[in-house]
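Biologist: I am new to this structure and would like a close look at a single part of it. Could you take me through one helix pair and the loop that joins it, and then say a word about the cysteines?

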Amino acid sequence: MTVLFSRKCEYALQGILYLAENQDQGNISAEQIAADLDISRDFISKALQHLAREGIVQSNRGKSGGFSLGKSPESISLLDVVLVIDGNGVFESCVLGLPTCGSDSPCPVHNKWGPIREASRQMLADTTVAQFQPITGSIF
């Protein structure tokens, strides 16, 4: 588990990368995704439904239903997924979670965290899902 993102966000990122890697299969069931990623079906389903509401993922019901990408992998940044699932808070709040920390009353790491936070945001914005697609083999 990462320090910055919620578990739901981590699973959403893994789920979208999985869908991109397997986009030639069409719709993929939540059961299949969960089994292949070794995570809860309910958890991955909820995370992907959240992305579906924003058009990043498509969700189809029925016998041949499941999830697929709603956009091209080149047009989906990691930041897009993070903002949908966790919001902008990770880039605005204190890294230690201190409620009183801010520009007016910074904690000891506030000013050190600022450049790291901005660099992290930019890295996520500059990295697309397509960049994870391997030439051979799987990232999972």
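Modeller: What follows is a walk through that part, with the cysteines at the end. Please keep in mind that this is a predicted model. Helix H2 covers residues 30–37 and helix H3 covers residues 41–53, and in the loop between them lies Asp38. The phi angle of Asp38 is near 60 degrees, which is a positive value in a residue other than glycine, and Asp38 is exposed, its relative accessible area being 69%. On either side of this loop, H2 and H3 pack with their axes 9 Å apart and at an angle of about 115 degrees, and their crossing is right-handed. On the H2 side the contact is made by Ala30, Glu31, Ile33 and Ala34, while H3 contributes Arg41, Ile44, Ser45 and Leu48. Sorted by class, the residues in the contact of H2 with H3 are five nonpolar, one polar and two charged.

As for the cysteines, the count of disulfides comes to zero. Cys9 is in no disulfide, and the cysteine sulfur nearest to it, that of Cys94, is 19 Å away; Cys9 is also buried, with a relative accessible area of 0%. Cys101 is likewise in no disulfide, although the nearest cysteine sulfur, that of Cys107, is 3.7 Å away, and because a disulfide requires a pair of cysteine sulfur atoms within 2.5 Å, that pair does not count as one. With a relative accessibility of 16%, Cys101 counts as buried.

Note on methods:
Residues are numbered from 1 along each chain as its sequence is written. This is a predicted model: local features need pLDDT of at least 70, side-chain atom pairs count only at pLDDT 80 or more; totals for chains, interfaces and linings use all residues. Side-chain values use heavy atoms; hydrogens and water are left out. Helices (H or I, at least four residues) and strands (E, at least two) are DSSP runs, numbered from the N terminus. Buried means under 20% relative accessible area, exposed over 50%, partly exposed in between (1.4 Å probe, protein chains only). Axes are lines fitted to C-alpha atoms, for helices over the stretch in contact, and angles run from 0 to 180 degrees between N-to-C directions. A crossing is left-handed if the near helix is turned anticlockwise from the far one by less than a right angle, and right-handed if clockwise. Contact means heavy atoms within 4.5 Å. Ala, Val, Leu, Ile, Met, Phe, Trp, Tyr, Cys and Pro count as nonpolar, Asp, Glu, Lys and Arg as charged, and the others, Gly among them, as polar.
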